[in-house]
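Subject: Structure handover

Hello,

Here is the structure I said I would pass on. Please have it open while you read the notes under it.

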Amino acid sequence: MRRRHVLTLATAGAVTAGCGPDGTPRQQASSAPAAPVAPAGLTFPKGFVWGASTSAYQVEGGATADGRGPSVWDVFSHEPGRTRDGGTGDVAADHYHRSYEDLDLMRELGLKSYRFSISWSRVLPTGRGTVNAKGLDFYHRLVDGLLARGITPLVTLFHWDTPQALQQAGGWQQRDCAKWFADYASTVCYSLGDKVQSWLTLNEPKTVVEVGYTAGIHAPGVRDRRIANVAGHHLLLGHGLAVQAFRATGRKGRIGAALNLSPVYPADDSEAARRQAVLADAEENRRWLDPVLLSRYPDDWLAAQPADAPVRTAIREGDLAVIGSKSDLLGVQYYNPAHVTAKGGRVQKHPTTQASWQEVYPQGLYDLLTRIKRDYGDIPLTITENGMPSVQETDDQDRIVLLRDHLTAAHQAISEGVRLEGYHVWSLLDNFEWAEGYTQRWGIIHVDYATQQRRRKASADWYQQVIARNGI
């Protein structure tokens, strides 16, 4: 998961709720539960894949178990003042020790897909070298448990947890990190590739750049935009090299990236706002989509980089051909739109959730999905993250409203020819929410962190019914 634009958004003007694409009012998270949500009467295509997502550092715990090495997040979260209330992922939801219990919860929900990430430093404790057999075995057991329950694994190779040893060697600002990542990808894809058919290379490289390397409130805590853009290029290069490494294993299956994307709108009807929105779209979306799907950076994004920007020399001949190595699918992660003023600032125009950066605008998902088809062709899409934090312990009707409205928008896009194959709610479990520690709960399953007891929320019951009826 995400967390980002709240640092750069400037809130101005009154917030109006408006309506979702089905004409129903959008609702802002509040301290009181909303009224129970009735079905919308929409059926999804046969074979539509209903899933849920997590990430390794956010749920696994077992930080030093069975030979796992430290990641940048292990180090960062233990530094004073980095996270709310000093929270760390040392234990998190203890999924490493409770995976079979969680697998049974998934089966009860009727999940068809489980999207999870692999901890790079659990498999390769220093990011390179000898494989930690016990760490890799955990993922074999997890995948076997999923398959035994009729659930398809969707595996993400990198969800922000760079091995600390590699960070000390330069991390993503070092070009070699892309090669190190590809070597790791080759190891994992070969080992699990007889059982896993769908892979995602990177999760949200934009967030790594904006929050980890520019704002510095995520690991590795760097505050340098020039370095951030170099890291962003190397992340994309790592994606392309990992795609090639997967092909070289000879394993069958599909591979792509998971990108967090935000439809950009001018904040008013002025020509200046429209121009600024186009420039913002280059940074928010095209800077990631174009290299991965078209083997090029947007001309306006490149033109916006200073003449002495180190990213210009970081981009070497042949890099974009590697980055654009054919993807078989694209993971789409949607949480919020962006509204841009005539001066290039950001304003919020829609209700927000407990996560103040998250504007609730379901229409944005429809706009995003149809735009991808229009501009990038008919690549298979799956929504790999969508959800919200709720302050309701288990009667989270507000989350149900948000999920229903976004699924309505997705259904509309499908009805207009978008090749959307599945939807993964974020998140299966309450978990460690990065810099926010344990102050936000994004799961449809409640986790009591003191006892690790799991309890289904109202949204889990609702989602189980959605899956059973293949519709809302």
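The notes below go through the barrel, a hairpin, one helix residue and the cysteines.

Please keep in mind that this is a predicted model.

The barrel

The main thing to look for is a closed barrel of 8 strands. Going round it, the order is β1-β2-β3-β4-β5-β7-β10-β11, and the strands pair in parallel. From one strand to the next, the twist averages 25°.

To see one of these pairings in detail, take β7, residues 329-333, and β10, residues 381-385. The two are parallel and share 4 bridges. V332 has its bridge partner in β10, namely I383.

A helix lies over this part of the barrel. Helix α14 covers residues 363-376 and lies across β7, β10 and β11, the last of these being residues 420-426. Relative to β7, α14 runs at about 160°.

The hairpin

Further along the chain you will find β12 (residues 445-448) and β13 (residues 453-456). In contrast to the parallel barrel strands, β12 and β13 run antiparallel, and 4 bridges join them. One of the paired positions is V447, whose bridge partner in β13 is R454. The two strands make a hairpin with 4 residues between them. Within the turn, Q452 has a positive phi of about 65°.

One residue in helix α3

E108 sits in helix α3, which spans residues 95-109. Is E108 buried, exposed or partly exposed? Its relative accessible area is 44%, so E108 counts as partly exposed, the range between 20% and 50%.

Apart from neighbours within four places in sequence, E108 is in contact with R456 and Q464. R456 falls within the residues of β13, so by the 4.5 Å cut-off for heavy atoms this contact links α3 to the hairpin strand. As for R251, 143 residues from E108 along the chain, the C-alpha atoms of the two are separated by 31 Å.

The cysteines

How many disulfides does the structure hold? The number is 0. C177 is in no disulfide, and the nearest cysteine sulfur to it belongs to C189, 16 Å away. Seen from the other side, the closest cysteine sulfur to that of C189 is in C177; because the distance is 16 Å, the two are too far apart for a bond. A disulfide would need the sulfur atoms within 2.5 Å.

C177 counts as buried because its relative accessibility is 0%. C189 is also at 0% and so counts as buried.

Regards

How values were computed: Residues numbered from 1 in each chain as written. Predicted model: local features only at pLDDT ≥ 70, side-chain atom pairs only at ≥ 80, totals over all residues. Heavy atoms only, no water. Pairing = 2+ DSSP bridges. Axes fitted to C-alpha atoms, helices over the stretch in contact; angles between N-to-C directions. Buried < 20%, exposed > 50% of the residue type's maximum accessible area, 1.4 Å probe, protein only.
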